[in-house]
Amino acid sequence: MSVLTRDEAQTRAKLLDVHRYTIALDLTTGDDTFESLTVIRFTTRAEADTFVELKPAELREATLDGHPLDPETLDDNRLPLKSLTAGEHELRIAASMRYSRTGEGMHRFTDPTDGETYVYTQLFMDDVQRVFAAFDQPDLKAVFDLTVTAPDGWSVLANGITTDLGEGRWQAAPTPLISTYLVAVAAGPWHSVRTEHRGLPFGIHCRRSLAPHLDPDADELFEITRQCYDRYHEKFEEPYPFDSYDQAFVPEFNAGAMENPGLVTFRDEFVYRSAVTDTERQTRAMVIAHEMAHMWFGDLVTLRWWDDIWLNESFAEYMGYQTLTEATRFTDTWVDFGVMRKGWGYDADQRPSTHPVAPEAVEDTASALLNFDGISYAKGASALRQLVTWLGEKDFLAGINTHFTRHRFDNATLADFIDSLASATERDVHAWADAWLRTTGVDTLRPVVTRGEEATYTLHVEHKGSRPHRIAVGLYDQDVADEGRHLVLRERLDLDVPQTDSQGPLPIGKRPALLLLNDGDLTYAKVRFDTESFKAVTESLSGLPSPLTRAVVWNALRDAVRDGELPPSAYLEAARAHLPHETDLALVQGVLAFAATYVADRYVTPEERPAALSLLTSLCRDLIRRTEDGDNPGLRLIAVRHHIDVAAHPDTIAAWLADGTVPGGPELDPELRWRVLARLAVLGATDETAIAAELERDPSATGQEGAARCRAALPTQQAKEQAWEAMFTHDNLSNYLFTATAQGFWQPEQADLLRQYVPRYYQDAVALAARRGPAIAVAAGREAFPHYAIDADNLALGRACLNDADPTPALRRRLIDQLDDLGRALRVRQA
């Protein structure tokens, strides 16, 4: 496929004004394809050649101003438009388009529970071309006028309010000016719940089979939506710019959600079939807040080109967490961001594939797709949080509102945004942007505490990096009343880093037990401890009064392990000592996830791994015992999940499965049953008969994924070969079934059985990515990579693949990241 370059987009934007798309989709023509008729009205400013994009199964007809175009001139995804004269034009294109099974374009899904079929669009970046013909770049905004013909019994959702015209035809209200990638359609026999808020129609929608699980949460979902909507209207002078607000939970969705104006699509795992923790509900609420922020950041004002993707994602990320904290019952969202989200940014920013938050230039759409990572989301949001700390929220919001006024229903660049901020403050925002948005890497802050006269101390911060930071320094003393088990905040001091010569070292009075840099987590930097502070951390971490402070400490320990400065065993010992006393669920979940997935599975040697699993099992057992009174079901659920995941012996969890419950609760719901069965498969303690019986018990889409994961995890040559063929040969797995199979395949307990597949992976993954496209390429690079072959041979094979095999851009980026993580794991083991 020809990817659109930045230069081509700029040339076409100078040539064209696109006014209106009139689109008719017919979804009644079979299981494999649908019909797409598009009429584009546009103006050309001068005589020139250009092209329109589409990826049809068959191009049936194309006419320009009533004159036929030769379908044979379609070159890959480009139909040439030759010798256009200056003035108005009408382009008409009729085509048959393929349904997708990979979440790209028009995805089609048949629910195994009841046989009902659903379709929905995901048109991000360049996938609109899989649904209708378009001048596909974000700065050629237009009005979209859509009709859909759907099977009987279906309803149709779109960006605007839809009207049932009868006989299966649905008409969507014309949109305001929006970009091509934001057009959305979702059709099927949806279960819908509707309400109204401040005169605006609200709706939530899901598959019929999920109705019993959506309905109990409908009030909560609408409440979060209303609270965020109202808070954004307090922050933003520009009102919500569309005619309705629908939220559709759709199957096999590749992202967390997509900000289509008026019709946000979410992965339908957010409709909970099984028990979840309050932190998971908070995550769902944050995604709702994030996507609603996009209605302004991204939809009302849209980036001009993909180098400014941070203007969409960083802002929605920051606003999502901040608004949730301000407007809802979830008041500790920054703890979850710190311990679960921020590490995503730190990790991405230390790999060879790092890039600035706002790159100088993204040459084409294939390159742009690679930048949807922890830098554009977590690092960018952290940078904005630091900007608000430095600038003040009043000036920050004033600058944002200026930006909306200047660029409503238009496109904008980083320079435009910085100019808007600069109009609201006398601070040098341009210099801040250069330091924070145009640079790469993570700064490191290290305290140097010096004793002065009369037992008073001063602080100097060693700063490795280039960015300015405004941080808080927490001074904590031991609480003598409880023999030092708790730490008490004496004072929190503001400090600018780097410290100027005129400032000199910061006086801190008597020596604190713990001196914590970046207390409150207001900047984006790794922090270290001086010797005495580290001793206080190991003894009293769980006794720190604020969960956000504890998140900063846990992140510092995590970073020290990854950098080879702290033994992995020390992290496990800190978890063993302090998690039994932790009260914040996000912290428990985040620490256990890192301890199991990275420390036990990758950073300790195979010889050390049994001891690591034993420690984690003991820790989870303590948490289960602590929650026997039923007062903290969320903590108990986390402990039970992780106890299952780290079980080295099958007896206990097999008994849970046989009894259908953990002694004292919880009962095993579908998620826990599949989780137990997957671990039993890894341990060789179950078989195909048991998996088939469980699938009969739970034939849902999630059950199908659970069965695929379990089958791939069985420790037999036959099971592994069948899973490998399913992933890399047959090409009929959906995106979700591919991911589930890949998750089951590689297991550290099965190293000898899997050794032969490591060299096969690189050859087969390259071919697969070339055949099946970016979504499967990402899954192949992320989930199907041999994570647990932590050895020099795997590293050499991967580097040879990058040098010699020419993987697609999506796979190449994933391989670069995976190989860097593999090299880091080897260095941690050696350290």
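A: Contact here means heavy atoms within 4.5 Å. Keep in mind that this is a predicted model.

Q: With that cut-off, which residues is Phe 396 in contact with, leaving aside its neighbours within four places in sequence?
A: Phe 396 touches Phe 315, Tyr 318 and Met 319. Its other contacts of this kind are Leu 384, Leu 387, Val 388, Leu 391 and Leu 421.

Q: How many residues does the largest nonpolar core have, and which have the most contacts inside it?
A: In soluble globular proteins, nonpolar side chains tend to be buried together. Here the largest nonpolar core has 285 residues. Phe 396 and Tyr 761 have the most contacts inside this core. Helix H15 gives the most to the core, with 12 residues.

Q: What is the volume of the second largest pocket, and what lines it?
A: The volume is about 560 Å³. The lining has 29 residues. Pro 748, Ala 751, Arg 755, Tyr 788 and Ala 789 lie nearest the pocket's centre. Helices H15 (585–603), H16 (609–626), H24 (751–754), H25 (757–772) and H27 (792–804) each give two or more residues to the lining. By class, 18 lining residues are nonpolar, 3 polar and 8 charged.

Q: How many disulfides does the count come to?
A: A disulfide is a covalent bond between the sulfur atoms of two cysteines. In this model the count is 0.

Q: Why is there no bond from Cys 710 to its closest cysteine sulfur?
A: The closest cysteine sulfur belongs to Cys 620, and because it is 20 Å from the sulfur of Cys 710, it is too far for a bond.

Q: Is Cys 710 buried or exposed?
A: Cys 710 is buried, with a relative accessible area of 0%. Cys 228 is buried too, at 0%.

Methods
Residues are numbered from 1 along each chain as its sequence is written. This is a predicted model: local features need pLDDT of at least 70, side-chain atom pairs count only at pLDDT 80 or more; totals for chains, interfaces and linings use all residues. Side-chain values use heavy atoms; hydrogens and water are left out. On a 1 Å grid over the protein atoms alone, a cavity is a set of points where a 1.4 Å probe fits but cannot get out, and a pocket is an open set with protein on both sides within 12 Å along at least five of seven lines; lining residues have an atom within 4 Å of a point. Grid points are joined across faces, edges and corners, and a volume is the space filled by probe spheres set on the points. Helices (H or I, at least four residues) and strands (E, at least two) are DSSP runs, numbered from the N terminus. Ala, Val, Leu, Ile, Met, Phe, Trp, Tyr, Cys and Pro count as nonpolar, Asp, Glu, Lys and Arg as charged, and the others, Gly among them, as polar. A nonpolar core is a set of buried Ala, Val, Leu, Ile, Met, Phe, Trp, Tyr and Cys residues joined through side-chain atoms within 4.5 Å. Buried means under 20% relative accessible area, exposed over 50%, partly exposed in between (1.4 Å probe, protein chains only). A disulfide is a pair of cysteine sulfur atoms within 2.5 Å.
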